[in-house]
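I opened my notebook and went looking around a structure. Here is what I looked up, entry by entry.

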Amino acid sequence: MKISNQDRFSFPVLLIFFGISVCVFILCVCLGSVMVPLGDTLAVIRNAIARAPQPELSAVPIILNVRLPRVLCVFLTGASLAICGAAMQGLLRNSLADGSTLGVSTGASLGAALAIVFGFNVPSLPFAGTMIMAIIFAFLSLMIILTLAYRLDYSLSTNTIILLGVIFSMFVSSILSLVITFASDKVKNIVFWTMGSLSGSSYANAIVLFVVLMICGTVLMSLSRELNAFAIGEEEARHIGVPIRRVKLMVLITVSVLIGVCVSIGGSIGFVGLVTPHMVRLITGPNHKKLMVACLLGGGTFLMLCDLTARMLLRPVELPLGVVTSLIGAVVFVFIYANSREVKR
Amino acid sequence: MSLLELSHVTVQVTDRSLRRAQRKTILEDLSFSVESGDLLMLAGPNGAGKSTIVNTIAGAVPYSGRILFEGQDVAGFSSVERARRIGILSQSHFVNYSFTVGEVVSMGRYAYSPSVFSAKAPDEQEQIEKALEMTGLTPIRDRSVLSLSGGELQRVFLAQLFVQDPQVLILDEPSNHLDISYQQQIFELIFRWLRAEDSRKPKAVMMIVHDLSLARAFGGKGLLLDQGKICGFGKPEDVFSETALNQVYGTDVAAYMRKLMEGWNL
């Protein structure tokens, strides 16, 4: 028997979540190929915020120009992907739905790659071209997968969704390979999108992520009651008065925008949106009002830890972030799938 | 004016299983009405279109014709307006996530504060408590719905419907899969809701049943459906008459029932 979720997640727990996120954030700024003492890190951050003059330390440019923007971007990307995962898992009533399992991230990467190959650019906005293409392709991917899924199996069962996601990902990957074959001069640029890394992130990236996350996150959180209803069942949601089509479209567009922006900045980083909501749900319960807030912090923290692993594990060689999350995520995925089958039996 | 009225409702779907897609008629020119205080029992063989009627009234199926609620066309209602007037209980529920009983029941209030910003009705909590009390769910309100039995889960969704406080309840085989004691409980709850005197609004219940003895015993009105057409509408004893049933079900219904009851010495 399960314990009640009603009072397991409250304001103090949220504060603990927040505290852990801040600690991990500072830890990630300190650790790396060059170790910076905690005191120095805190002093540099404090001075930067207060616009005070910085001490004469070799670590100052490392912290301010490399680590801080990177960790910020990692946190924001993790938070965005996790909240997307939570929203999709609620909407589709399926705890295995996520940008990476459905093939949305792969679709977005294809969009970004095409933008590079065909030189699709928005004047005076350097990364807007890839971003717009990534968003459009993320949305198209979602539409294709869901239309197919509804046609084949109206109940949107786990098997159908996962199978379609796999097939779609393979299809898109092969197109991506095709693009790479024909555009051999841009291979290095394109491969970046398929692996996922936030090593070169700038403050500009962080600001874009932050703004988009604020807008999309607010939209998704304002739909938490609708998502709760969808999590019980689409039919039930209709019966209690949820405007099904409108809510579905709003969630899908919002999720596409968020995933598209994340992919255009950090490439395809898989499984964060799958694993985080699943772990967070164990603490908060399935109610989206609590789940999504906790996912923001949990997803950010999870990805920061993954990024730390990517940097530290085989120092000084750095692993691509997407590889680390996929390694962890794939194992957890099998675990969740096995568990969900047991429940049915 | 009727509480709920279906006027010349026809539902057609495109059958893709055939080589050339064909239009297939599921409901054909259906007209009937539900008056205030009615307890309408809807019966018919499998595939007669009973559940399609429910889905059509729920707005999930495209149809031609008109569905009127107190004279107003429901097609003009927003989803929230519809939910405040018509409440629907599905045949079966498959919940995947461990929501608590209390959480699921309180979702029934959605139609009254659809936006996170809209103010909650002052009596909201009271309504929820009342529904939990009425359905006997108060002791298990903090339990996960995943741990409930079929009968308990059905009561949870019935409580959600009571919280939704519609004027017409439409129930798709509410006692499906339930043992006799649960069946009885569910029916008593529905009767209590219909006869509750504290309500100022006119109310009615429309219920799909497979069990013909239930339909005859409890129904205030009956509707017999066969192949998407109405075979009888009116008093249950007239509608579910021996000749009509034998014709629709293609078997000697009365003889079968007598055989079932033989060993009981009632």
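Before I start, a term I need: strands are DSSP runs of E with at least two residues, numbered from the N terminus. One caution as well: this is a predicted model.

**Entry 1: two odd backbone angles in chain B**

I began with B:Gln227, which I found in the loop between strand 9 (221-226) and strand 10 (229-234) of chain B. Its phi is near 50°, a positive value in a residue other than glycine. Why did I stop at that? Most residues other than glycine have a negative phi. Is B:Gln227 buried or exposed? I got a relative accessible area of 62%, so B:Gln227 is exposed.

Next I checked B:Glu70, in the loop between strand 4 (64-69) and strand 5 (72-73) of chain B. Phi is positive there too, near 45°, and B:Glu70 is not a glycine. With a relative accessible area of 32%, B:Glu70 is partly exposed.

**Entry 2: a buried loop serine**

Staying in chain B, I looked up B:Ser175, which sits in the loop between strand 7 (168-172) and helix 6 (180-195). Its relative accessible area is 11%, so I wrote it down as buried. What does B:Ser175 contact, leaving aside its neighbours within four places in sequence? I noted B:Gln183, B:Phe187 and B:Leu214.

**Entry 3: helix 1 of chain A**

Over to chain A. Helix 1 of chain A (residues 11-30) has 20 residues and reaches 29 Å from its first C-alpha to its last, close to the expected 28 Å. Which of its residues are buried? My list for helix 1 of chain A is A:Phe17, A:Ser21, A:Val24, A:Phe25, A:Ile26, A:Cys28, A:Val29 and A:Cys30. The buried residues of this helix pack against helix 2, helix 3, helix 13 and helix 14 of chain A. Just after helix 1 of chain A, I spotted A:Gly32 with a positive phi of about 160°.

**Entry 4: helix 1 against helix 3**

I picked one of those partners, helix 3 (residues 59-91) of chain A. Two packed helices are described by the angle between their axes and the distance between the axes. Here the axes of helix 1 and helix 3 of chain A come within 9 Å and cross at roughly 145°. The crossing of these two helices is right-handed. From helix 1 of chain A, the residues that meet helix 3 include A:Phe25 and A:Val29; on the helix 3 side I noted, among them, A:Val71 and A:Phe75. Sorted by class, this contact has nine nonpolar, one polar and one charged residues.

**Entry 5: an alanine with a distant partner**

Still in helix 3 of chain A, I looked at A:Ala79. A:Ala79 has a relative accessible area of 1%, so it is buried. Not counting residues up to four places away in sequence, A:Ala79 touches A:Leu213, A:Cys295, A:Leu296, A:Gly299 and A:Gly300. A:Ala79 and A:Cys295 are 216 residues apart in sequence, and yet 6.6 Å apart in space, C-alpha to C-alpha.

**Entry 6: hunting for disulfides**

How many disulfides does the structure hold over all chains? I found zero. Why is A:Cys28 not bonded to its closest cysteine? The closest cysteine sulfur, in A:Cys30, is 9.2 Å away, and that is too far for a bond. A:Cys28 is also buried, at 1% relative accessible area. A:Cys216 is in no disulfide either, and its nearest cysteine sulfur, that of A:Cys84, is 7.5 Å away. A:Cys216 counts as buried too, at 7% relative accessibility.

How values were computed: Residues numbered from 1 in each chain as written. Chains lettered and ligands numbered in written order. Predicted model: local features only at pLDDT ≥ 70, side-chain atom pairs only at ≥ 80, totals over all residues. Heavy atoms only, no water. Axes fitted to C-alpha atoms, helices over the stretch in contact; angles between N-to-C directions. Helix = DSSP H or I, 4+ residues; strand = E, 2+ residues; numbered from the N terminus. Left-handed = near helix turned anticlockwise from the far one by under 90°. Contact = heavy atoms within 4.5 Å. Nonpolar A, V, L, I, M, F, W, Y, C, P; charged D, E, K, R; others polar. Expected span 1.5 Å × (residues − 1). Buried < 20%, exposed > 50% of the residue type's maximum accessible area, 1.4 Å probe, protein only. Disulfide = S-S within 2.5 Å.
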